[in-house]
Structure formats: structure tokens, C-alpha cells
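Here is a friendly walk through one protein chain, from its overall build to its surface and its main pocket. Keep the sequence and the 3D view open as you read.

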Amino acid sequence: MCLGCNWRDDPAMPDEADQSEPVPPAAARGPTFRPGVFLARILIRVYRLTLSPLLPNACRYLPSCSAYGEEAIGRYGFWAGGWMTLARLMRCHPLGASGFDPIPEAAPAAARWWSPWRYGRWTGRHIDPKTRLDR
């Protein structure tokens, strides 16, 4: 059977496509190119190569904010990952929390594209006190 059409080489053979689950188009094409994610990752890498070496190493969180941003944007896309990164950057100040702050396994259930502030964790209350670096 031809993979790109419904034409069969041998009409006597059963059609395998009718017996199996359909393949989603995105999975058939492979990974898709997302321009927003690509641009955001390029900007983060430019920051790492140019500005980051000039600044003192004073990270309050593990992973660093740039690593957090790159992974969050790669995992959740430009919109949701960008808001998660913005929330992380807003928490990163001398009076803020510190410690191990990984990217969430799943986006918050209440988050929607029309309420993007719900993607981020705006306080440090979610950080385990055992991993805090400021105490």
C-alpha cells in the first residue's frame, strides 16, 4: 500500500490502515518547527554567551533562571513557558526565596491562554524548605 495515498499495490490484500489506529498528522511528520520557541531559545543562549559571563554568579535557584526558561519554553511552548519563566524571574531578588525549583511536571490545571498569569508560580511557597538556600 502506498503510504501517501489510498492506492493498494494488490487489491486482493486486506487494507492494513483499516485495521489499525490512525496516526496523528503531527506524529507522522515528526517534530514541528515552532518559531516562537526557536527565537526564545536563541535569545536565552545569546544571553548565556554574552551577558551571563559578565555578571556575578549569584543564582538563588537551582536550575538557573536561564536553564529554567529554556526548558520551560521547550516543554510548554512560548506562551505558557514564557509566563512560567517570567514568574521565575520576578521571584529572583534578594528578598525572594531560593532553593531547588524545578519546572512543573504539568501545566497548572487552572491556566488558560486568556489568563496567562496562572501559568506561573509567583511566590516561593512551593519550594521544599529542606532545599532552601537562604537559611
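## Overall build

Follow the chain along its sequence and you meet the pattern α-α-α-β-α-β. That comes to four helices and two strands. Please keep in mind that this is a predicted model.

The chain has 135 residues, and buried residues make up 26% of them.

## A nonpolar patch on the surface

Now turn to the outside of the model. Phe 33, Phe 38, Ile 42 and Val 46 together make a nonpolar surface patch of about 400 Å².

One of these residues, Phe 38, sits in helix H3, which covers residues 35-50. Is Phe 38 buried or exposed? Its relative accessibility is 48%, so Phe 38 counts as partly exposed; the range for that label runs from 20% to 50%.

## The largest pocket

How is empty space found in a model like this one? A probe the size of a water molecule is rolled over the atoms, and this shows where space is left.

The largest pocket holds about 400 Å³ of space. It is lined by 16 residues, of which Tyr 47, Ser 52, Cys 59, Cys 65 and Ser 66 are the closest to its centre.

Helices H3 and H4 (65-91) each supply at least two residues of this lining. H4 gives the most, with five residues.

What is the chemical character of the lining of the largest pocket? Its residues divide into 10 nonpolar and six polar, with no charged residues.

How values were computed: Residues numbered from 1 in each chain as written. Predicted model: local features only at pLDDT ≥ 70, side-chain atom pairs only at ≥ 80, totals over all residues. Heavy atoms only, no water. Patch = residues over 30% accessible without salt bridge, like charges linked within 9 Å, V, L, I, M, F, W, Y side chains within 5 Å. Areas by Shrake-Rupley, 256 points an atom, 1.4 Å probe, with all protein chains shown as cover. Salt bridge = Lys/Arg side-chain N within 4 Å of Asp/Glu carboxyl O. Buried < 20%, exposed > 50% of the residue type's maximum accessible area, 1.4 Å probe, protein only. 1 Å grid on protein atoms, 1.4 Å probe; cavity = no way out; pocket = protein on both sides within 12 Å on 5 of 7 lines; lining within 4 Å. Points joined across faces, edges and corners; volume = space filled by probe spheres on them. Nonpolar A, V, L, I, M, F, W, Y, C, P; charged D, E, K, R; others polar.
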